[in-house]
Amino acid sequence: MAPPGAAAAPETGAVQLLLRNVDSRTTVIRARREDTVGSVLDRLGNGVAASGAEQRLRAVHAGRELPRGATVGELGLPWDATLHVSYRLVPTPHGDAWRLASEIAAAARLAAATVGQPYAAASLELQVRRFLDSARAAHQRKSNSALGPVAEHLGIFLRRGVPGVLVQLYQSDDKRRRTDAERAIRCFLSPDPPAGKSIVKALTAPVLLEFCESFATGARKGDPLYAALRDMVATVLSDPEWTPGLWGDVPRRRVAEQLIRLARETAVAVIVEIAGAYRSRGHPAAAFGNLVEFKTFWSVLRQQVLELDADTPLRPWRKALSQTLEALLKSVEDCMTRFEMNLPPPPAAAAAGRKHTSSSSALTKWTASLHSVWAVLAELDAWSDAHHAMRTTLAAHPRAVTALVLTAGSELSESIRWITRHRDLLEFEARRHLAMAMLPEIVRGADAPPPHEMLIDRGRLLPDSFGYIAHATPQELRAVLSVAFKHEQATGPGVLREWFCLVCQALFNPRLVLFSACPQDRRRFFINPTSVVDPLHLEYFEFAGRMIALALRHKIHAGVFFDQTLFLQLAGRPITLDDIAEADPSLHASCKKILEMDPSLVDSNILELTFAREDEMLGSRTVTELFPGGKDIAVTSENRCQYIDLLIQDRFVNCTRRQLAYFAAGFRIMFNKWKPWTEFFASLDVEDFDRMLGGSKGTIDVNEWRAQTDYRGYKEKCRQIKWFWKAVENMTVEQQGRLLFFWTSVKCLPSDGFSGLGCRLFIYRASSSRDHLPTSQTCFYHLNLPAYTSLSMMQRRLHMIVQEHVSSGFGAS
């Protein structure tokens, strides 16, 4: 040994050390002057752990122990210095965990190294159970407060490399060794006692992932143990109490890398499932299991990738993810293409006589993979990499997407709400279905509650109807409604339709002051801020909300159309300048001029505008500040946009806030408490709502009416039938509407015309005298027409029943 203080080799600045172990073997190590003693010793490796302590190397030079943190330069170690190396026991936390993990690893390595030799069962299962018991015991010693000790125990299990050596033993050719290893690994599939609280299970994700990662690539496919481990990873990660913080010390990049592989495996399984739907392959239970794992791994993976997105080493992983997302999208697109080929052609193509296969088999095959398709679409929607491509696919297959939505049952209704963000790509039938799925079904059958019966006096239409509806419970409103008018025998669906239309017509009559009609389209309504003149106006707004929700639930076209401003408020969306054009054309034009004016003119205060609004209500003028102190702040070219936004907010939101709240409360009565009622509107635009509530805004097509009508007792060539249609053609639009209402109790046709009524209309030859007026059975769309002897007699009789005071309720049943 060179004398202390000898110089290092001048040409290198390094020190050559001779490390002599207790067994007299010497190891030569060249160290830099900045290296610490500890880093030099680490090159030799540490010993294995003992109970409650860990064997750690120490170095002695010139009779003194060298501090592990001191550098070679600080100690002045000479060239060829000899360091005597020995072990010492260092107390460590969780000593039992270190000892048990080391014993398991050593036993597994010994068993793997002696394959082909006699094997005495190592009882690895018992050792793993002891390790898990030790983790729970550590948790209990901490007063059951935190899961930190359990996580640290499992971290030791990983650092000792136990999962890898157990999987290596499991994949050996020796049956006994394989069985012993499998039993040990399966301990992590049920790590807690059956009757105890789940303490260890929630923290096993890192260990389970390492087990899965240790399987050789070719050995994973079809291996039941691997499948069970992967399934348990999904189970743990889908636990509501699991958080990314439970990964512990495992590097997040490592976690993401392992999850990517599992996510790609589940993606392949789902792709096979979707493709196999048309070939009758796959087992439903297996498909469901694949789907659960797919949702879980991709959801957790999304969190990890977003967390590490700025990390440069992750970019190759992102490329692999993009390729998998492309494959998922391709599988859905292929399925949509095949499905569209089996759908019936559109009405125009069907009328042309084109051949098509029945849609029932197509629907059956589609439904077999419905959950998988929806899961893939939802995942694609969540990834920015695939968002544009997914929208392109949806837009290219509108009929398939519509069928996909329409075949989604109640079990899927909540999980597919995300597609409302793409309502611009959906057909009306799909948008309507998504909205109506939010309303509860009308209870019918043996278990249904008794009908909510109402007896209405036509002379007291609103007060009587208010009493029955405003005071009814939600359960009563969700039952079947039964309406009868006093002194009239008619009952049934036709009377119900008539009652709905009459009540809605009365509620939205501007003379009632609840709603105002748009100046240019008198069929559109918005909330009237002057409704406060009626002391019961708030109660009637709630009543109106209930009636609108009930009309939607019963699929009755009430002939009422909402203005854009009212619809947007119900939908929870902001109102912009363009939205007020119909409700207040004058204000809309004024605001447009302010925005288009030259900035210098606005800044010159030529308009003399401030952030206040003057309004006249009930004969008196009031000034409302758009914000505190607004009347003292002039409108300029820089703040005019803010002024217009606040003006619109005050005019259409603030001044009718209470009325809207009561109307919304009435509308909400039809929804379950846990469902946000605004989601009803999430898939709709105002034009959709028009079609659902108001019906058709166009004139009646008499030719379509005639084509939708059948005859009983008459034939189409009979002179009475020819006279009838000639008389109808000569009626005004209003008269035709009253005749249709008398015949069917349908105030407004559906948006798709007579075909949307759901059944055909009938004209019956009445046995009554030729002097009698026609009668109707509105429930069945039946018109009983006497055999009049001339066209003039037919016209006189029909003109009598299309008078406004006669067409409502005459002969309806």
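User: Which residues in helix 28 do Leu 587, Cys 591, Ile 594 and Leu 595 in helix 26 meet?

Analyst: Happy to help: this is a predicted model, in which local features need pLDDT of at least 70, side-chain atom pairs count only at pLDDT 80 or more, and totals for chains, interfaces and linings use all residues. Residues are numbered from 1 along each chain as its sequence is written, and side-chain values use heavy atoms, leaving out hydrogens and water. Helices (H or I, at least four residues) and strands (E, at least two) are DSSP runs numbered from the N terminus, and a contact means heavy atoms within 4.5 Å. On the helix 28 side, those four residues meet Arg 640, Cys 641, Tyr 643, Ile 644, Leu 647, Arg 651 and Phe 652.

User: How many residues of the contact of helix 26 with helix 28 are charged?

Analyst: Here Ala, Val, Leu, Ile, Met, Phe, Trp, Tyr, Cys and Pro count as nonpolar, Asp, Glu, Lys and Arg as charged, and the others, Gly among them, as polar. The contact has nine nonpolar residues and no polar ones. The number of charged residues is two.

User: How are helix 26 and helix 28 oriented, roughly parallel or roughly antiparallel?

Analyst: Axes are lines fitted to C-alpha atoms, for helices over the stretch in contact, and angles between N-to-C directions run from 0 to 180 degrees. Helix 26 (residues 585-596) and helix 28 (residues 640-652) pack at about 170°, with axes 10 Å apart. Under 35 degrees counts as roughly parallel, over 145 as roughly antiparallel, 65 to 115 as roughly perpendicular and the rest as oblique. The pair is therefore roughly antiparallel.

User: Which strands stand at the edges of the sheet with the order 14-15-17-16?

Analyst: Two strands pair if DSSP finds at least two bridges between them. This open sheet of four strands has mixed pairing. Each edge strand has a single partner strand, so one side is left without a neighbour in the sheet: these are strand 14 (709-712) and strand 16 (775-777).

User: Which residue in strand 17 stands opposite Ser 776?

Analyst: Strand 16 and strand 17 (residues 782-785) pair in the antiparallel sense over three bridges. Opposite Ser 776 stands Leu 783.

User: What angle does helix 33 make with strand 15?

Analyst: Helix 33 (residues 733-744) packs on this sheet and touches strand 14, strand 15 (761-765), strand 16 and strand 17. Its direction meets that of strand 15 at about 80°.

User: Which residue is the bridge partner of Arg 524 in strand 11?

Analyst: Strands 9, 10 and 11 form an open sheet in the order 9-10-11. Strand 10 (residues 524-527) pairs with strand 11 in the parallel sense over two bridges. The partner of Arg 524 is Phe 561.

User: Which residues lie on the covered face of strand 7?

Analyst: In a regular strand the side chains alternate between the two faces of the sheet. In strand 7 (residues 452-456), Glu 453 and Leu 455 make up the uncovered face. The covered face holds His 452, Met 454 and Ile 456.

User: Which residues have the most contacts inside the largest nonpolar core?

Analyst: A nonpolar core is a set of buried Ala, Val, Leu, Ile, Met, Phe, Trp, Tyr and Cys residues joined through side-chain atoms within 4.5 Å. Buried means under 20% relative accessible area, exposed over 50%, and partly exposed in between (1.4 Å probe, protein chains only). The largest core has 101 residues, and those with the most contacts inside it are Leu 166, Trp 298, Trp 374 and Leu 377.
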